[in-house]
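Reader: Got a minute to walk me through this one? I'd like the fold first, then the odd spots.

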Amino acid sequence: MRNIDRLPFILAGVLFLLAWLLGFPMRAQSAPLGDVHCTLIADAATGKTLYQDGTCDQRFSPASTFKVPLSLIGYDARILNDEHTPTWDYKPEFNAVKRDQKTVDPVIWERDSIIWYSREITRRLGGEKFAGYVSRLNYGNGDVSGNPGKDDGLTRSWVNSSLKITPVEQVAFLRQLLAGKMPVSAKAHEMTRAIIPSFKAGDWAVQGKTGSTRLGEGGKDKRSLGWFVGWARKDGRQIVFARLVVDANRTDMPKGLATRAAFLRDLPQLIK
């Protein structure tokens with residue numbers, strides 16, 4: 001081969017070496033992690049899908065929507081007693097944000113999403129009992145191991161960590177809760193249904209729980225997550241729902257609260 005014929009191959013080799021040294025990929029860079037939106041509404045009694053839009057079968061952290069199953073667990077284990085018992089005082093070692101530095105009971109816990117109260121419940125349960133309950137409830141992937149090597153399953157597993165659930169699984173879980181078919185006491189069902197926050201959406205009486213978290217903290221995933229899951233009644237009819245928003249858009253409030261506001265606005269038009 002003549003030297004002039006070798007020139008393209010030499011240039012290609014030089015370009016490849018430069019790209020490797022500078023850290024440029026020789027293939028197209030992976031696309032940014034995409035947005036995920038889901039709204040899923042089903043009949044509470046039959047499970048029939050009444051409305052579905054978006055990607056509803058992808059698992060994400062439940063964030064504070066986990067307070068719904070944790071309420072069932074807390075009441076069944078007799079750590080929680082009624083709407084206002086136990087009342088626990090804030091302690092500095094909880095290291096909570098200022099708005100959560102207050103005395104909290106089960107109603108306030110659900111209403112204001114107080115994470116230190118959740119952690120006091122799981123601490124009293126202990127790791128083995130906690131994992132056993134989550135497995136029995138068939139909640140999402142059931143993984144409460146937490147972050148690898150950090151031994152934080154009791155305090156972090158449901159917040160952007162090992163435990164994940166899809167909107168479809170959220171709706172199935174809520175149907176079982178409303179039907180009283182979870183493997184926990186009747187009182188646990190009753191009390192959990194009683195303390196979930198209430199809202200109005202047109203003529204619909206809604207109860208539901210929000211969840212918010214950032215995904216991939218310190219990594220490439222710049223998205224945040226917002227959940228609103230629950231049930232609603234109107235004219236003797238009952239539905240269960242899950243709305244999930246995962247994107248990199250900034251909001252003026254936690255994404256769960258923004259997701260809730262949008263769903264409450266939309267519901268009367270989605271289900272007549």
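Author: Let's go through the overall make-up, the sheet, a helix pair and a few backbone oddities.

Author: One thing up front: this is a predicted model.

Reader: Fine. How many helices and strands does the protein chain have?

Author: Nine helices and six strands. The protein chain has 272 residues, and 46% of them count as buried. Looking at contacts with a separation of 6 or more, 62% are between residues 24 or more positions apart.

Reader: What's the strand order in the sheet?

Author: The order is β2-β1-β6-β5-β4-β3, an open sheet with antiparallel pairing. β2 and β3 stand at the edges with a single partner strand each, so one side of each has no neighbour in the sheet. From one strand to the next, the twist averages 20 degrees.

Reader: Which helix packs on the sheet?

Author: Helix α7, residues 167-179, packs on it and touches β1, β5 and β6. The direction of α7 makes about 150 degrees with that of β6.

Reader: Back to the edges. How many bridges join β1 to β2?

Author: Five, with the two strands running antiparallel. One pair to look at is A42 with T49, its bridge partner in β2.

Reader: And L50, buried or exposed?

Author: In between: L50 is partly exposed, because its relative accessible area is 29%, and buried would need under 20%. L50 is in strand β2. Leaving out residues up to four places away in sequence, L50 touches I41, A42, D43, R237, I239 and I271.

Reader: How far apart are L50 and F241 in sequence and in space?

Author: They are 191 residues apart in sequence, and C-alpha to C-alpha they are 9.7 Å apart in space.

Reader: Now the other edge. Which side chains of β3 are buried?

Author: F199 and A201, which point to one face. S198 and K200 point to the other face and are not buried, so the side chains alternate along β3.

Reader: How does β3 pair with β4?

Author: In the antiparallel sense, over four bridges. S198 has Q207 as its bridge partner in β4. The two strands form a hairpin with two residues between them, and G202 in the turn has a positive phi of about 65 degrees.

Reader: Switching to helices. At what angle do α2 and α8 cross?

Author: At roughly 135 degrees, and their axes come within 8 Å. The two helices are therefore oblique to each other, and α2 passes α8 in a right-handed crossing.

Reader: Which residues meet there?

Author: On the α2 side, V68, S71, L72, Y75 and D76; on the α8 side, A188, H189, M191, T192 and I195. The residues of that contact divide into six nonpolar, three polar and one charged.

Reader: OK, odd spots. Where is the cis peptide bond?

Author: Between T85 and P86, with omega about 5 degrees. P86 sits in the loop between α2 and α3.

Reader: What's the phi of R78?

Author: Positive, about 65 degrees, although R78 is not a glycine. R78 lies in the loop between α2 and α3, and with a relative accessible area of 72% it is exposed.

Reader: And what about N138, what's its phi?

Author: N138 has a positive phi too, near 55 degrees, and is a residue other than glycine. N138 is in the loop between α5 and α6 and is exposed, at 65% relative accessible area.

Reader: Why flag these at all?

Author: Because most residues other than glycine have a negative phi, and most peptide bonds are trans.

Technical notes. Residues are numbered from 1 along each chain as its sequence is written. This is a predicted model: local features need pLDDT of at least 70, side-chain atom pairs count only at pLDDT 80 or more; totals for chains, interfaces and linings use all residues. Side-chain values use heavy atoms; hydrogens and water are left out. Axes are lines fitted to C-alpha atoms, for helices over the stretch in contact, and angles run from 0 to 180 degrees between N-to-C directions. Angles under 35 degrees count as roughly parallel, over 145 as roughly antiparallel, 65 to 115 as roughly perpendicular and the rest as oblique. A crossing is left-handed if the near helix is turned anticlockwise from the far one by less than a right angle, and right-handed if clockwise. Contact means heavy atoms within 4.5 Å. Ala, Val, Leu, Ile, Met, Phe, Trp, Tyr, Cys and Pro count as nonpolar, Asp, Glu, Lys and Arg as charged, and the others, Gly among them, as polar. Two strands pair if DSSP finds at least two bridges between them. Buried means under 20% relative accessible area, exposed over 50%, partly exposed in between (1.4 Å probe, protein chains only).
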